Amino acid sequence: MKWMKRFAGVMLLVVLLSGCAAAADVESMAAEVYQAAVEKRPFPVLTVENPGMTEADSYAVQKLYSEKLLAGKRPVGFKAGLTTEATMKRFGSDVPFAAVLFPDGYMDGASAAPVVKRIGFGTLMIESEIGFVLGEPVSAPLKDIDELKGKIAFLAPAIELPDLSFTDMKALRGVDINAAAISSRAFILGKTVPKAEAPDINELVPVLALDGAEVNRGRGSDALGDQWKAALWLVNKMVEEGWTMEKGDILLTGALGNMIPGKPGNYEYDAGALGRISFTVK
């Protein structure tokens, strides 16, 4: 019947327009996040104006924002965030998140003690982590941990330095953090250890000290209960989101213990048999 055809046509138009509106919203939100990053302002809490933002929406925003900030460059690696039950609960999420590591944020902690300047951050935070270095490219999902282990060349102690600066910390949700690439800003990678010579990373008890006093203690298994499980999830999630990985890319699997404020002073990160990193915050 004619009226049914007209109705079907109207419904199709509504669907198409709603899809365009959704795409426009994603582009607008990504532009907001990007502008805040380049102007070094707090990231917007997108769910205040977009309360229905989903996990998928947040990854769409993150992808556009990351590509804008990379400006044609490749990421130097990828990071997982909200990988403990406590951090998921804190930000109203029941899943971890993943994002890129930006090339301008890489700091070498293998041969020197880097100086981290708080003036370059809105709200500097510090996370004790473990880093994985790929020995082979990855462009398709990996089927299991054994396949992942075949791709890893080195492990290393790592410190992540996220910028947890948002316009409304009380309203902040996990998807807001994810849209801003999980606050990815900078990280320090320590001296690498060949995978075959590395200790059991799940059994490590890494300790972070500030001016000689312990400020954080964790376990290697804090990241999703298993470092290798966390790394496999990270790789597959980023491939799912359209990223590819190259030899030498770095994987950070999430905070061990607590994420702590970046106070000034001299830090020593002791990851046991995996190695140490010294750095200063000014």
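Tutor: Glad you're here! Before we start, a residue is called buried when its relative accessible area is under 20%. Keep in mind that this is a predicted model.

Student: Thanks! Is Leu101 buried or exposed?

Tutor: Leu101 lies in strand 2, which covers residues 97-101. The cut-off for buried is under 20%. Leu101 has 2% relative accessibility, so it counts as buried.

Student: Which residues beyond its sequence neighbours does Leu101 contact?

Tutor: Let's leave out anything within four places in sequence. One group of contacts is Pro75, Val76, Gly77, Phe78 and Lys79. The others are Ser184, Phe187, Ile250 and Leu252.

Student: Which strands stand at the edges of the five-stranded open sheet?

Tutor: The pairing in this sheet is mixed, and its order is 4-14-13-9-10. A strand with a single partner has one side left without a neighbour in the sheet, so we look for those at the edges. They are strand 4 (115-116) and strand 10 (213-217).

Student: In strand 10, which residue stands opposite Leu208?

Tutor: Strand 9 spans residues 207-210 and runs antiparallel to strand 10, with four bridges joining them. Across from Leu208, in strand 10, stands Asn216.

Student: Which helix gives the most to the largest nonpolar core?

Tutor: That core has 78 residues, and Ile126 and Phe279 are among those touching the most other members. The helix giving the most to this core supplies eight residues, spans 227-240 and is helix 6.

Student: And how many residues make up the second core?

Tutor: This core is separate and includes Val133, Ala158, Leu189 and Leu252. Its number of residues is eight.

How values were computed:
Residues are numbered from 1 along each chain as its sequence is written. This is a predicted model: local features need pLDDT of at least 70, side-chain atom pairs count only at pLDDT 80 or more; totals for chains, interfaces and linings use all residues. Side-chain values use heavy atoms; hydrogens and water are left out. Two strands pair if DSSP finds at least two bridges between them. Helices (H or I, at least four residues) and strands (E, at least two) are DSSP runs, numbered from the N terminus. Buried means under 20% relative accessible area, exposed over 50%, partly exposed in between (1.4 Å probe, protein chains only). Contact means heavy atoms within 4.5 Å. A nonpolar core is a set of buried Ala, Val, Leu, Ile, Met, Phe, Trp, Tyr and Cys residues joined through side-chain atoms within 4.5 Å.
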